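Thank you all for coming; I would like to take a few minutes to go through one model with you. Please have a look at it first, and then I will talk through what was computed from its atoms.

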Amino acid sequence: MSWNNVLELISVLVIFILVLAATYYVTKWIGKSGVVPLQSRNIKVIETFKIAPNKYIQIVQLGSKYYSIGVSKETITFLTPLDEEQLDLEPPGGKNAPSIPFQDILGRISKGYHDRKKDK
């Protein structure tokens with residue numbers, strides 16, 4: 001192993017560490033600067049339904065009231081106020097629906113990918 005290879009390896013490691021550090025600090029800056037919107041306590045999108053390309057119907061909660069709106073690329077249109085009794089606010093599958101850990105889902109996906117690769 002020559003000294004050129006060792007120096008090249010060290011320089012690549014230093015660059016990698018600098019990129020990681022820059023990524024860490026930029027992520028912290030973005031989080032603090034408000035570039036990415038924070039969670040709101042009084043405004044929530046309850047459900048979104050796509051009706052055409054770039055056109056959606058959304059149910060939003062503003063405070064304790066619910067509204068339906070139409071959203072397109074250029075405009076937002078108020079449709080109607082909704083009563084809580086009109087909505088099914090239970091998560092899909094019900095309250096006691098078992099949650100599947102992400103690791104299990106990833107394992108299933110990668111297993112299917114490897115099985116398809118073996119068949120080729």
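I will begin with the chain as a whole, go on to the sheet and its turns, and end with a few individual residues.

A word of caution belongs at the start: this is a predicted model, in which local features need pLDDT of at least 70 and side-chain atom pairs count only at pLDDT 80 or more, while totals for chains, interfaces and linings use all residues. Residues are numbered from 1 along each chain as its sequence is written, and side-chain values use heavy atoms, with hydrogens and water left out.

The chain contains two helices and four strands, where helices (H or I, at least four residues) and strands (E, at least two) are DSSP runs numbered from the N terminus. Read from the N terminus, the elements follow the order α-β-β-β-β-α. Of the 120 residues in the chain, 10% are buried, and here buried means under 20% relative accessible area, exposed means over 50%, and partly exposed lies in between, with a 1.4 Å probe and protein chains only. The accessible surface of the chain is about 11000 Å², with 62% of it belonging to carbon and sulfur atoms; these areas come from the Shrake-Rupley method with a 1.4 Å probe, and for residues only the protein chains shown count as cover. If we take the contacts (heavy atoms within 4.5 Å) between residues at least 6 apart in sequence, 3% of them join residues at least 24 apart.

Let me turn to the sheet. The four strands make an open sheet in the order E1-E2-E3-E4, with antiparallel pairing, two strands being counted as a pair if DSSP finds at least two bridges between them. E1 and E4 are the edge strands, each pairing on one side only, and the twist from one strand to the next averages 20 degrees, with axes taken as lines fitted to C-alpha atoms, for helices over the stretch in contact, and angles running from 0 to 180 degrees between N-to-C directions.

Within that sheet, E2 and E3 run antiparallel and are joined by eight bridges, and in this pairing Val60 stands opposite Tyr67 in E3. The same two strands, E2 and E3, form a hairpin with two residues between them, and Gly63 in the turn has a positive phi of about 70 degrees. Strand E3, residues 65-72, is joined to E4 by six bridges, again antiparallel, and the hairpin between E3 and E4 passes through three residues. Along this pairing, Ile69 stands opposite Phe78, Gly70 has Thr77 as its bridge partner, and Val71 faces Ile76.

What, then, is the surrounding of Gln61, and which residues does Gln61 touch? Gln61 lies in strand E2, residues 55-62, and counts as buried because its relative accessibility is 15%. Not counting residues up to four places away in sequence, Gln61 touches Asn42, Ile43, Lys44, Ile46 and Tyr66. A polar atom of the Gln61 side chain also lies 3.0 Å from the backbone oxygen of Gly63, which is the turn residue with positive phi that I mentioned for the hairpin.

Is Ile76, in strand E4 (residues 76-82), buried or exposed? Ile76 is exposed, with a relative accessible area of 63%, and, leaving aside neighbours within four places in sequence, Ile76 is in contact with Ile69, Gly70 and Val71. Ile76 and Gln58 are 18 residues apart in sequence, and their C-alpha atoms are 10.0 Å apart in space.

Asn54 deserves a remark as well, since most residues other than glycine have a negative phi. The phi of Asn54, by contrast, is positive, near 60 degrees; Asn54 sits in the loop between strand E1 (43-52) and E2 and is partly exposed, at 45% relative accessible area.

Finally, the aromatic residues. A search of the whole structure finds two aromatic pairs. Tyr24 and Tyr25 form an edge-to-face pair, 5.1 Å centre to centre and with 80 degrees between the planes; rings of Phe, Tyr and Trp (its six-membered ring) pair if their centres lie within 6.5 Å, and planes under 30 degrees apart count as stacked, over 60 as edge-to-face and the rest as tilted. Tyr24 is partly exposed at 47%, whereas Tyr25 is exposed at 56%.

Definitions and conventions. A polar contact is a pair of N or O atoms within 3.5 Å; within protein, one must be able to donate a hydrogen and the other to accept it, and residues adjacent in sequence count only if both atoms are side-chain atoms.
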